[in-house]
Amino acid sequence: MISVIDATATIQAHLLRLPAETTPLEAATGRVLREPVTADRDFPPFDRVTMDGIAFRYEAFAGGQRTFRIEGTQFAGQPQQTLQQPDACWEVMTGAMLPVGADTVIRYEDIKTADGQATILVDELTSGQNIHRQGVDRRAGDVLIPAGQVLLPAHIAVAATVGKATVQTTRLPRVALISTGDELVGVSETPLPHQIRQSNTWMIRAVLAGLGIQASLHHIHDDRQTLTEELGRLLADNDLLILSGGVSAGKADFVPDVLTVLGVQRHFHQVAQRPGKPLWFGSTAGDQQVVFALPGNPVSTTMCVYRYIVPHLRASVGLPAAPALTAALARDFTFKPALTFFLPVRLSVATDGQTTAEPLPGSGSGDFANLMDADAFLELPADQSYFARGEALPVWRF
Ligand SMILES: Nc1nc2c(c(=O)[nH]1)N[C@H]1C(S)=C(S)[C@@H](COP(=O)(O)OP(=O)(O)OC[C@H]3O[C@@H](n4cnc5c(N)ncnc54)[C@H](O)[C@@H]3O)O[C@H]1N2
Ligand code: MOO
Ligand SMILES: [Mg+2]
């Protein structure tokens with residue numbers, strides 16, 4: 001049996017090997033970029049007018065001129081026009097190119113126009129005002145988005161503006177979620193008295209959906225032969241298998257043996273934690289496939305998913321680790337066994353800004369209804385039994 005800290009390190013040493021793939025821009029939000037995106041042109045690509053009004057030479061204004069003949073109108077989307085006479089002006093629209101020869105823009109609110117002429121009504125203006133100069137934001141050839149960046153909406157806009165209809169991103173893992181157990185029936189079925197509906201794989205699917213990962217759902221009966229065949233098939237088609245159930249000491253708990261027979265190397269079985277002690281973790285040669293076999297009790301499954309699988313997936317796809325958070329216990333708590341204890345809690349933020357955690361112990365690792373009242377769990381270290389009110393402890397949010 002290994003510690004939670006060693007289990008974490010072992011898991012992080014066996015990340016998934018995910019290649020880059022071509023991703024349409026519309027599917028790239030939240031994905032991790034695997035190529036640098038560079039500027040094909042300056043940002044902005046031309047001296048861009050930022051106010052609807054007129055463009056003229058500042059020098060004319062500085063010399064006392066207030067009324068300018070209008071030579072024409074430069075709209076956005078039109079090729080660049082040229083100021084013909086040094087004492088004239090062009091009407092210009094936001095987003096248009098600044099006409100050649102003009103260097104200053106004044107908005108309509110500060111002029112009046114009549115008989116083909118514009119008269120400036122203000123006494124002060126700044127040379128070059130209301131122009132977004134070519135290249136002030138970024139230069140052609142600059143790396144705009146480095147490889148490794150998680151693509152947020154602002155990055156999507158920049159990729160679009162440089163003409164990247166597709167980008168190279170880390171491929172998302174192919175994940176199979178597998179419940180095992182003869183007592184389990186599907187969500188649409190009516191269980192007999194000795195049966196229950198599968199719920200674990202639904203929970204895991206919901207967690208992975210939050211990471212943008214779609215997983216397939218499977219169920220296998222407690223039969224060594226069937227397990228071997230089905231798991232063999234699923235291993236061939238997936239990067240990650242997440243099993244629930246069948247990993248403890250029972251006479252139908254075949255999962256660890258079957259995985260070993262299938263060539264999945266066990267990295268550990270059993271972690272000094274509650275719940276979730278029978279957790280099993282392994283991978284095939286070169287980590288081509290990684291397998292988590294989670295204890296079937298639903299609270300164990302949930303804690304193991306948040307504590308181990310989500311960080312493993314984030315690191316595998318290149319997402320930054322979630323920030324390490326702590327919360328202060330709202331009241332004293334005792335847990336004696338020499339195991340790390342994952343305690344469901346409800347968080348609240350006090351007026352002083354501190355996060356406090358109200359323990360919701362529930363009735364054990366089968367009580368998944370209790371988790372509906374919780375929004376996180378605290379990690380109580382194995383080498384301590386008594387935890388005082390106010391003590392800050394690591395917290396994992398659901
Ligand atoms: N002699 C021992 N017995 C047990 C030990 C032990 O160390 N020695 N460990 C206990 C602990 S801790 C846990 S956790 C469970 C783990 O059991 P398994 O992983 O073998 O899971 P199962 O036996 O298949 O099922 C346990 C429990 O969970 C329910 N379950 C399973 N899958 C699902 C699912 N997809 N959705 C909803 N519920 C599920 C299942 O019906 C059982 O009630 O072992 C203890 N025993
Ligand atoms: O880990 Mo078991 O989950 O303690 O019931
Ligand atoms: Mg069992």
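How far apart do the C-alpha centres of domain 1 and domain 3 lie? Let's work through this and a few other exercises together.

This is a predicted model, in which local features need pLDDT of at least 70, side-chain atom pairs count only at pLDDT 80 or more, and totals for chains, interfaces and linings use all residues. Residues are numbered from 1 along each chain as its sequence is written, chains are lettered from A and ligands numbered from 1 in the order in which they are written, and side-chain values use heavy atoms, with hydrogens and water left out.

**Exercise 1. Lay out the domains and give the distance asked for above.**

Step 1: Domain 1 covers 4-18 + 172-317, domain 2 covers 21-43 + 137-170, domain 3 covers 48-132 and domain 4 covers 326-397. These bounds come from an automatic or database domain assignment.

Step 2: Between the C-alpha centres of domain 1 and domain 3 there are 68 Å.

**Exercise 2. Describe the surroundings of ligand 1.**

Step 1: Start with the shell, where a residue is near if one of its heavy atoms lies within 4 Å. There are 19 residues around ligand 1, and Glu183, Ser199, Gly246, Ser248 and Gly296 come nearest.

Step 2: Sort the shell by class: six residues are nonpolar, 11 polar and two charged. Here Ala, Val, Leu, Ile, Met, Phe, Trp, Tyr, Cys and Pro count as nonpolar, Asp, Glu, Lys and Arg as charged, and the others, Gly among them, as polar.

Step 3: List some pairs of N or O atoms within 3.5 Å.
- Asparagine 200 places a backbone N or O atom 3.1 Å from a nitrogen atom of ligand 1.
- Valine 247 has a polar backbone atom 3.1 Å from an oxygen atom of ligand 1.
- Aspartate 253 has a side-chain N or O atom 3.1 Å from an oxygen atom of ligand 1.

Step 4: Taken alone, ligand 1 exposes 860 Å², and the protein buries 67% of that (Shrake-Rupley method, 1.4 Å probe).

**Exercise 3. Do the same for ligand 2.**

Step 1: The residues around ligand 2 are Arg274, Pro275, Gly276, Lys277, Pro278, Asn297, Ser300 and Ser365. By class, two are nonpolar, four polar and two charged.

Step 2: Turn to the oxygen atoms of ligand 2.
- A polar backbone atom of glycine 276 is 2.3 Å from one oxygen atom.
- A backbone N or O atom of lysine 277 lies 3.2 Å from an oxygen atom.
- Asparagine 297 brings a polar side-chain atom to 3.0 Å from an oxygen atom.

**Exercise 4. Find the unusual backbone geometry.**

Step 1: Recall that most residues other than glycine have a negative phi, and most peptide bonds are trans.

Step 2: Phenylalanine 43 and proline 44 are joined by a cis peptide bond, with omega about -10°. Arginine 274 and proline 275 are also joined by a cis bond, with omega about -10°.

Step 3: Asparagine 130 is not a glycine, yet has a positive phi of about 60°.

Notes. Polar contact = N/O pair within 3.5 Å; in protein donor to acceptor, adjacent residues only side chain to side chain.
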